Structure formats: structure tokens, C-alpha cells
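Subject: Structure for your review

Dear colleague,

Please find below the structure I am handing over to you. My notes on what was found in it follow directly after.

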Amino acid sequence: MERADPPVWAKVDEYFSSLLTPAEKALDEARKANRKSGLPAIDVSPLQGKFLEFLVRVSAARKVLEIGTLGGYSTLWLARALPVGGRVVTLELDPHHAEVARGNLRDAGVLDRVEIRVGPANETLPGLVNSAPFDLIFIDADKRSYPEYLGWALKLARVGTILIADNVVRQGKVANPKSKDANVRGVQRFTEMLAAEPRLSATVLQTVGAKGYDGFALAVVVS
Ligand code: SAH
Ligand code: DHB
Ligand code: MG
């Protein structure tokens, strides 16, 4: 059978990626290690990682919280963008994922700025109250729990904190009000909470690229 051409957005992703996120040992090795260790290929793409870097830099964030570490590929982008003395706390359910992430972050020389807390995020989040406020919070764990994570993010934020949530589009399933998929329902409820929360100004960026069709929700705490 003939191989189908990659969709145009995959080619375009490759084009921009080749120029703007050129091969870098620490990042490439981390992605390779994640695949070798059997982790699912759901890390942010390189250009999306660079977007996380952009958000950290433009907000001059010093304290970052990530919910959903996987192998630490996104964590690496966040950690590398920090100023001296900056820190990332990242929460991961799966001890194997956390172990792979620890290795990647150590190899990249940023483990000293990252704290990985292992366990269900709804159990590790309450322990972060004394580390608050965070300047930027990246939500990327189980989608059904996004509403709960948003509640915690608000507790752990200050005016000006940036919230970013991955995978809010999921090939468009979010627009189906009858969806019974718990992940889709989670993202829908999360979005309704964004809309109803007077402390937040929020928007969504739909994305296409190496990971197909998806999107980020972006919000800033305004009061
Ligand atoms: N941010 C990563 C990808 C995260 S994938 C990157 O872009 O590189 C989602 C991760 O969330 C998985 O590793 C999964 O194990 C973790 N996860 C799922 N449910 C969780 C929970 N209840 N608490 C914390 N982490 C969870
Ligand atoms: C899935 C999770 C992610 O965080 C992602 O970026 C892509 C896919 C998933 O669970 O399928
Ligand atoms: Mg994701």
C-alpha cells in the first residue's frame, strides 16, 4: 500500500520546528528516552515546548507548577526558561514516569530546579499551599480532573498568574454537548468554570501540528 502524504500541518510543523527548535541534545535525548522507556508519545511537541518557554520568559515566572510530568519533556522546556533561582514543581501519578523524568532532568542538568511529587495530583496539590503563589501553572494530567485542577490552580495563584491547559480540543470532540467521554466532559466543565470565574480572563488557541488537532486554554488571574 502507498503511504499517504503527511497532512500539510505536519509538514509545516516540521518546517518551523527545523528552524526554530533545532536539534538540542538535552531535549532530543529526553524524548528518545521516553519512547525507549515505553512512555506514550504524548509529550508536547518541540514548538509547543518553545511556547511554554515563551510564556515563562514573557511573564518572568520564577515559580512554575506543572500537573502531569510524563517523562519531563515539557518540564525541561519550563525549567530551562527560568531565571537563576527559579523552580518548577511537577506532579505525576505514575512512579515509572516520574523516574524516567528524573533521569531526563538530571541528564539535562536542571534537576536542581525541579521538584517531582509523585501521587495523584488531587492528593499532592493540597501540600503546595505553603509554596504558593505560583507565577505560571501548566495543567496537562488526566483531562477528566481538569475542573478540580482549575480549582486548585486558583488557590495557588496570585493576580497575574498565567494558567495554561493542554488538550482542550481533542480533535473537536469538545464541541459535542452530548459527549459521554469523561475526558471531554472534564474539559467542557473546565471551560465553563473558566467562563464563570470573575477572577480569570481566558481564551483558547486551537492548534494543528505534529500532534494533530488540539488546543490550549490560556487564562490570566485578574483579581
Ligand atoms: N506534560 C507532559 C505530558 C503529560 S501526559 C509533556 O508534555 O511532556 C499526562 C501525564 O499525567 C501522564 O504522565 C500521566 O501519568 C499523568 N497523570 C494522569 N493522571 C494523573 C493524576 N491523577 N495525577 C497526576 N498525574 C496524572
Ligand atoms: C493525551 C494526553 C496528553 O496530555 C496529550 O498532550 C495528548 C494525548 C492522552 O491521554 O491521550
Ligand atoms: Mg498534553
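Please bear in mind throughout that this is a predicted model. I begin with the metal site, then turn to the two other ligands and close with the backbone.

**Magnesium ion (ligand 3)**

The magnesium ion has three residues as protein donors: D140 and D166, each through OD, and N167 through OD1, lying 2.1 Å from the ion. Along the sequence, these donor residues follow the spacing D-x25-D-N. D140 and N167 are 27 residues apart and link distant parts of the chain. D140 belongs to the loop between strand 4 (136–139) and helix 7 (146–155), while N167 belongs to the loop between strand 5 (162–165) and helix 8 (182–196). Should you wish to examine the geometry at the ion, the ideal angles for reference are 109.5 degrees for four tetrahedral donors and 90 or 180 degrees for six octahedral ones.

**Ligand 2**

The residues around ligand 2 are I42, D140, K143, D166, N167, R170 and K211. D140, D166 and N167 were named above as donors of the magnesium ion. By class, this shell comprises five charged residues, one polar and one nonpolar.

Three side chains place a polar atom close to an oxygen atom of ligand 2. For K211 the distance is 2.5 Å, for D140 it is 2.8 Å, and for D166 it is 3.1 Å. Ligand 2 on its own exposes 290 Å², of which the protein buries 70%. The space that ligand 2 takes is the largest pocket.

**Ligand 1**

Ligand 1 also sits in the largest pocket. It is surrounded by 20 residues, the closest being V44, S74, E92, H97 and D140. D140 is thus found in the surroundings of ligand 1, in those of ligand 2 and among the donors of the magnesium ion. The shell around ligand 1 is made up of ten nonpolar, five polar and five charged residues.

Which backbone atoms lie 2.8 Å from a nitrogen atom of ligand 1? One is an N or O atom of G68, and another is an N or O atom of A121. In addition, an N or O atom in the side chain of Y149 is 3.3 Å from a nitrogen atom of ligand 1. Of the 580 Å² of accessible area that ligand 1 has by itself, the protein covers 89%.

**Backbone**

Two points deserve a note. Most peptide bonds are trans, and most residues other than glycine have a negative phi. The peptide bond from A132 to P133, however, is cis, with omega near 0 degrees; P133 lies in the loop between helix 6 (121–124) and strand 4. R170 has a positive phi, near 50 degrees. This residue, R170, is located in the loop between strand 5 and helix 8, and it is also one of the residues surrounding ligand 2.

With kind regards

Note on methods. Residues numbered from 1 in each chain as written. Chains lettered and ligands numbered in written order. Predicted model: local features only at pLDDT ≥ 70, side-chain atom pairs only at ≥ 80, totals over all residues. Heavy atoms only, no water. Near = heavy atom within 4 Å. Polar contact = N/O pair within 3.5 Å; in protein donor to acceptor, adjacent residues only side chain to side chain. Areas by Shrake-Rupley, 256 points an atom, 1.4 Å probe, with all protein chains shown as cover. 1 Å grid on protein atoms, 1.4 Å probe; cavity = no way out; pocket = protein on both sides within 12 Å on 5 of 7 lines; lining within 4 Å. Sits in = over half its atoms within 2 Å of the grid points. Nonpolar A, V, L, I, M, F, W, Y, C, P; charged D, E, K, R; others polar. Donors = N, O, S within 2.8 Å, 3.2 Å for Na, K, Ca; no water. Helix = DSSP H or I, 4+ residues; strand = E, 2+ residues; numbered from the N terminus.
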